[in-house]
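Trainee: I have the sequence and the model open, and I would like a close look at a single part. Please pick one helix and show me how that helix fits into the rest.

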Amino acid sequence: MALFDEVKTALRVSIDDEDINLQIQSLIESAKEDLTNTADIRRAVVEGVVPPLVKQAIIMYVKAYWTDSETDRERLIACYENMKGSLAISSTYSNYDGED
């Protein structure tokens, strides 16, 4: 299943509306950009396959900014930030290349 479809399923969105799809895709791209600022997720994506931890972080980000509930948003953002921090210090996703 493609990342977009998995995110859409996680949001429990079943309708196929172009505007909604564009909003979801925009949030996915925002999540990727945010993750790339702290973790090198591009290195981990092999042949278009997004690793499970990166995928879960993207889903958390999208759900956080999709919800109307302020309580859920705060909880999901905290979860996302923790996942992003884990990715940033992981040797798999670290932006650190050993050079100063």
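**Helix H2 and its surroundings**

Mentor: Happy to, and the contacts (heavy atoms within 4.5 Å) set the scene: residues 24 or more positions apart account for 62% of those in the protein with a separation of 6 or more. Please keep in mind that this is a predicted model, in which local features need pLDDT of at least 70 and side-chain atom pairs count only at pLDDT 80 or more, while totals for chains, interfaces and linings use all residues. Residues are numbered from 1 along each chain as its sequence is written, and side-chain values use heavy atoms, with hydrogens and water left out.

The protein has 5 helices and 0 strands, both taken as DSSP runs numbered from the N terminus (helices are H or I with at least four residues, strands are E with at least two). In order from the N terminus, the elements run α-α-α-α-α. Of the 100 residues, 37% count as buried, a word that here means under 20% relative accessible area, with exposed meaning over 50% and partly exposed in between (1.4 Å probe, protein chains only).

Let us settle on H2, which covers residues 18-38. Its 21 residues should span 30 Å at 1.5 Å a residue, and its end C-alpha atoms are 31 Å apart, which agrees; the expected span is 1.5 Å times one less than the number of residues. At the start of H2, a side-chain oxygen of Asp17 comes to within 3.0 Å of the backbone nitrogen of Asp19. That pair is a polar contact, meaning N or O atoms within 3.5 Å; within protein, one must be able to donate a hydrogen and the other to accept it, and residues adjacent in sequence count only if both atoms are side-chain atoms.

Now look along the helix. Ile20, Asn21, Ile24, Leu27, Ile28, Ala31 and Leu35 are the buried residues of H2. Viewed down the axis of H2, they fall within an arc of 125°, so they line one face of the helix; the arc is that of the directions from the helix axis to the C-beta atoms. An α-helix has 3.6 residues a turn, so residues three or four places apart point the same way. On the face of H2 turned away from the buried side you will find the exposed residues Glu18, Asp19, Leu22, Glu33 and Asn37.

What does the buried side of H2 meet? Start with helix H1, whose buried residues, Leu3, Val7 and Lys8, pack against H2 and H4. Val7 counts as buried because its relative accessibility is 1%. Beyond its neighbours within four places in sequence, Val7 is in contact with Ile24, Ile28, Ile58, Ile59 and Val62. Lys8 is buried too, with a relative accessible area of 9%. Not counting residues up to four places away in sequence, Lys8 touches Val13, Ile15, Asp16, Asn21 and Ile24. Ile24 of H2 therefore appears in the lists of both Val7 and Lys8.

From the side of Ile58, the contacts outside four places in sequence are Leu3, Val7, Ile28, Ala31, Lys32 and Leu35. Among these, Ile28, Ala31 and Leu35 are buried residues of H2.

Helix H5 also comes into the picture. The buried residues of H5, namely Arg73, Leu76, Tyr80, Met83, Lys84 and Leu87, cover an arc of only 105° around the axis, which puts them on the same side of H5. These residues pack against H2 and H4.

All this comes together in the largest nonpolar core, which has 26 residues; Val7, Leu35, Val54 and Ile58 are those with the most contacts inside it. Such a core is a set of buried Ala, Val, Leu, Ile, Met, Phe, Trp, Tyr and Cys residues joined through side-chain atoms within 4.5 Å. The elements giving two or more residues to this core are H1 (3-10), H2, H4 (52-66) and H5 (70-89). H4 gives the most, with 8 residues. So, if you trace the buried face of H2 in your viewer, Leu35 is a good place to stop, since it is one of the residues with the most contacts inside that core.
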